[in-house]
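The exercises below are meant to be worked through with the sequence and the model side by side. Try each task before reading the solution that follows.

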Amino acid sequence: PAYTTIKEYIIYKNCKPGEAISETQVQSKYPNFSQKNIREAFLLLEYEKLIMREFRKGYRIAHISPRRLQDVYELRQILEPHALEKGMQNIDRIWLLETRSKFISICSSPIQESHELVQLDNEFHMTLMLSINNQYAARLLECCLDYLTLIRVFMLEQNKKCRPRYQEHTELIDVILKNDRQKAVKLMGEHLDASYQQVLRLVLAVL
């Protein structure tokens with residue numbers, strides 16, 4: 001519980017990339033967590049490179065890095081189209097229809113991208129990855145999405161005019177529902193490329 005709570009605190013609670021973070025700071029925020037629990041969570045988050053330890057300076061949240069974003073999306077391009085091709089038949093069709101409705105509902109009301117949409121986006125991609133029942137691939141994608149979410153949430157605060165994109169998700173869901181494996185794999189690759197270009201533009205605008 002400590003690991004998950006602290007990770008969500010770092011990603012969603014207005015912590016900024018590159019900002020200092022300490023065990024003491026987290027302990028004051030979550031007094032029910034023991035020092036041992038917090039230290040173990042920090043070590044795991046450091047291993048996953050969501051935080052980093054600097055010599056004699058303590059911990060910092062991961063910095064915004066165009067190179068790391070490139071690495072993240074290159075790995076996603078390897079993992080996700082493959083998962084879709086291999087596990088498409090295992091994805092629950094009722095869940096797909098419900099997720100499709102959620103994308104449209106969330107994006108029809110707000111004028112800016114929201115935390116809710118980012119979380120739905122992550123859930124969608126993780127569920128597709130889990131369809132192949134490969135725990136190692138799922139863990140890799142989760143680490144990619146954690147870093148990417150940290151950056152995206154920070155970008156929401158910097159760019160109030162950022163518009164949500166959901167049509168690519170609904171189109172992808174429609175193709176999966178039609179069992180068109182080849183087109184689904186193609187759309188996933190195009191979606192990831194478009195997502196990378198959008199995030200990179202936003203990042204370069206604030207660096």
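A disulfide is a pair of cysteine sulfur atoms within 2.5 Å. The model used in these exercises is predicted.

**Exercise 1.** Work out how many disulfides the structure holds, and explain what keeps cysteine 15 and cysteine 144 from forming a bond.

*Solution.* Begin with cysteine 15, whose sulfur has its closest cysteine sulfur in cysteine 143, at 18 Å, which is too far for a bond. Then turn to cysteine 144, where the closest cysteine sulfur is again that of cysteine 143, here at 7.2 Å, and this too is too far for a bond. The count for the structure is zero disulfides.

**Exercise 2.** Decide whether cysteine 15 and cysteine 144 are buried or exposed.

*Solution.* The cut-off needed for this step is that a residue is buried when its relative accessible area is under 20%. Cysteine 15 has a value of 6% and is therefore buried, and cysteine 144, with a value of 6%, is buried as well.

**Exercise 3.** Describe how covered helix H1 is, and then look at what comes just after the helix.

*Solution.* Helix H1 spans residues 2-12, and eight of its 11 residues are buried, so that the helix is mostly covered. Among the buried residues are Tyr3, Ile6, Ile10 and Tyr12. Just after H1, asparagine 14 takes a positive phi of about 65°.

**Exercise 4.** Determine in which sense strands E2 and E3 pair, and examine the hairpin they form.

*Solution.* Strand E2 (residues 51-54) and strand E3 (residues 58-61) pair in the antiparallel sense over four bridges, with isoleucine 51 standing opposite isoleucine 61 in E3. Three residues lie between the strands of this hairpin, in which arginine 56 takes a positive phi near 65°.

Methods. Residues numbered from 1 in each chain as written. Predicted model: local features only at pLDDT ≥ 70, side-chain atom pairs only at ≥ 80, totals over all residues. Heavy atoms only, no water. Buried < 20%, exposed > 50% of the residue type's maximum accessible area, 1.4 Å probe, protein only. Pairing = 2+ DSSP bridges. Helix = DSSP H or I, 4+ residues; strand = E, 2+ residues; numbered from the N terminus.
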